[in-house]
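Me: Could you walk me through how the parts of this model fit together? I would like to go interface by interface.

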Number of protein chains: 2
Amino acid sequence: MRFQVDPTSSIPLYAQLVEQVKHAIAAGTLAPGDTLPSLRELAVRLRISPLTVKKAYGELEALGIVATEHGRGTTVRAGSDAFSARYRREALAQAVDRLLVEAHHLGATTDELIALLYERKTVLEEEAADHV
Amino acid sequence: MRFQVDPTSSIPLYAQLVEQVKHAIAAGTLAPGDTLPSLRELAVRLRISPLTVKKAYGELEALGIVATEHGRGTTVRAGSDAFSARYRREALAQAVDRLLVEAHHLGATTDELIALLYERKTVLEEEAADHV
DNA sequence: TACATTGTTATACAGATATATAACAGCAGT
DNA sequence: ACTGCTGTTATATATCTGTATAACAATGTA
């Protein structure tokens with residue numbers, strides 16, 4: 001897993017982590033049984049405190065998405081398949097809604113949005129290719 | 001102007017206000033010369049502290065978008081036309097990018113995204129009609 | 001001048017977020 | 001048992017956000 005957080009964002013670091021794990025599961029990158037990075041390992045990689053990682057994992061555990069065992073680590077729970085399908089739908093719908101609302105506020109038409117979507121998709125793909 | 005904030009969001013209230021004023025200007029809802037609601041009035045309407053509104057207005061002033069005069073209020077600056085055009089483009093592109101990245105994380109294709117976009121647009125419009 | 005409106009500032013306080021430091025405890029392989 | 005990994009917990013500190021309260025200052029109008 002390639003986690004990354006943005007310390008300048010107004011969204012709390014632990015919340016960013018939670019979202020990324022959810023997305024990874026929804027996308028199938030993380031499957032039931034997979035073990036998440038240890039608190040210290042991920043903390044070092046992201047240059048944040050282990051306590052912040054702990055808070056994110058704790059949140060995920062409270063949601064029933066992962067299970068943590070003392071001394072063994074944190075693993076994706078079996079039941080996350082059902083979660084996965086539902087979450088994927090809801091997350092996508094919410095993301096689309098956010099864009100539609102913002103576009104509406106900015107006075108953009110749907111056609112303009114679709115055109116921009118294809119345009120930005122191309123741009124992002126080219127940028128991604130450059131970074132390889 | 002119909003401002004509204006979400007106290008449960010992890011995005012600070014003052015930042016939400018800043019975004020909404022920017023969007024309103026970009027959409028033309030707020031034009032140069034227009035006066036924003038007074039600190040106290042908006043605070044009462046949104047049920048937040050006047051100091052929070054003040055912080056938002058202060059941010060907008062630092063960005064050169066509005067001008068505040070003691071005793072007179074806070075007004076949208078003339079130069080905001082140029083800002084408006086540039087900001088609108090950038091804000092839309094960023095919003096689209098956010099969706100594309102999230103969709104990619106969730107393993108959604110562009111076709112799926114476009115279809116969902118039309119679907120959600122219809123849903124949102126129906127909901128909006130209901131609320132009238 | 002008096003008044004109501006506007007923005008400004010100071011103080012104190014609370015909660016969430018994030019950190020550093022450090023010690024403690026469970027699990028697995030040597 | 002020892003060692004190295006894992007998660008857990010406690011303490012203290014700092015920053016940001018947001019609030020309540022209250023006084024002060026500038027503008028425009030009656």
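**Contacts within and between the chains**

Reply: Happy to! Between domain 1 of chain A and domain 2 of chain A there are three residue pairs in polar contact, counting pairs with both residues at pLDDT 80 or more. That confidence filter applies because this is a predicted model.

Me: Which three residues supply 55% of the area that domain 1 of chain A buries against domain 2 of chain A?

Reply: Start from the bounds: domain 1 of chain A covers 13-79 and domain 2 covers 81-130. The area buried between these two domains is about 620 Å², with carbon and sulfur atoms giving 58% of that. No other three residues of domain 1 supply more of its side than A:Lys22, A:Ala26 and A:Gly79.

Me: How many salt bridges does the rule find across the interface of domain 1 of chain A and domain 2 of chain A?

Reply: The side of domain 1 that touches domain 2 divides into five nonpolar, two polar and two charged residues. A salt bridge needs a side-chain nitrogen of Lys or Arg within 4 Å of a carboxyl oxygen of Asp or Glu. Across this interface of chain A, the number found by that rule is zero.

Me: Now to the two chains. How are the two copies related?

Reply: Chain B can be laid on chain A with an RMSD of 0.1 Å, using a turn of 180 degrees and a shift of 0.0 Å along the axis. The copies are therefore related as by a two-fold rotation axis.

Me: In chain B, which residue has the C-alpha nearest the axis?

Reply: Stay with the axis of that 180 degrees turn. The nearest C-alpha in chain B lies 3.2 Å from the axis, and it belongs to B:Ile11.

Me: Which helix gives the most to the side of chain B that touches chain A?

Reply: Three helices of chain B each supply at least two residues of this side: H1 (13-27), H4 (80-105) and H5 (110-130). With 15 residues, the one that gives the most is H4(B).

Me: How large is the area buried between chain B and chain A?

Reply: The contact brings 35 residues of chain B against 34 residues of chain A. In chain B, B:Leu92, B:Leu106 and B:Leu117 lose the most area, together 19% of what that side buries. Carbon and sulfur atoms give 70% of the total, which is about 3300 Å².

Me: How many salt bridges are counted between chain B and chain A?

Reply: One salt bridge joins the side chains of A:Arg88 and B:Glu112, at 3.0 Å from N to O. The full count between chain B and chain A is six.

Key: Residues are numbered from 1 along each chain as its sequence is written. Chains are lettered from A and ligands numbered from 1 in the order in which they are written. Side-chain values use heavy atoms; hydrogens and water are left out. Copies are superposed by least squares on the C-alpha atoms of residues with pLDDT of at least 70 in both. Contact means heavy atoms within 4.5 Å. Buried area is the accessible area (1.4 Å probe) that two parts lose on being put together, summed over both. Helices (H or I, at least four residues) and strands (E, at least two) are DSSP runs, numbered from the N terminus. Domain bounds come from an automatic or database domain assignment. A polar contact is a pair of N or O atoms within 3.5 Å; within protein, one must be able to donate a hydrogen and the other to accept it, and residues adjacent in sequence count only if both atoms are side-chain atoms. Ala, Val, Leu, Ile, Met, Phe, Trp, Tyr, Cys and Pro count as nonpolar, Asp, Glu, Lys and Arg as charged, and the others, Gly among them, as polar.
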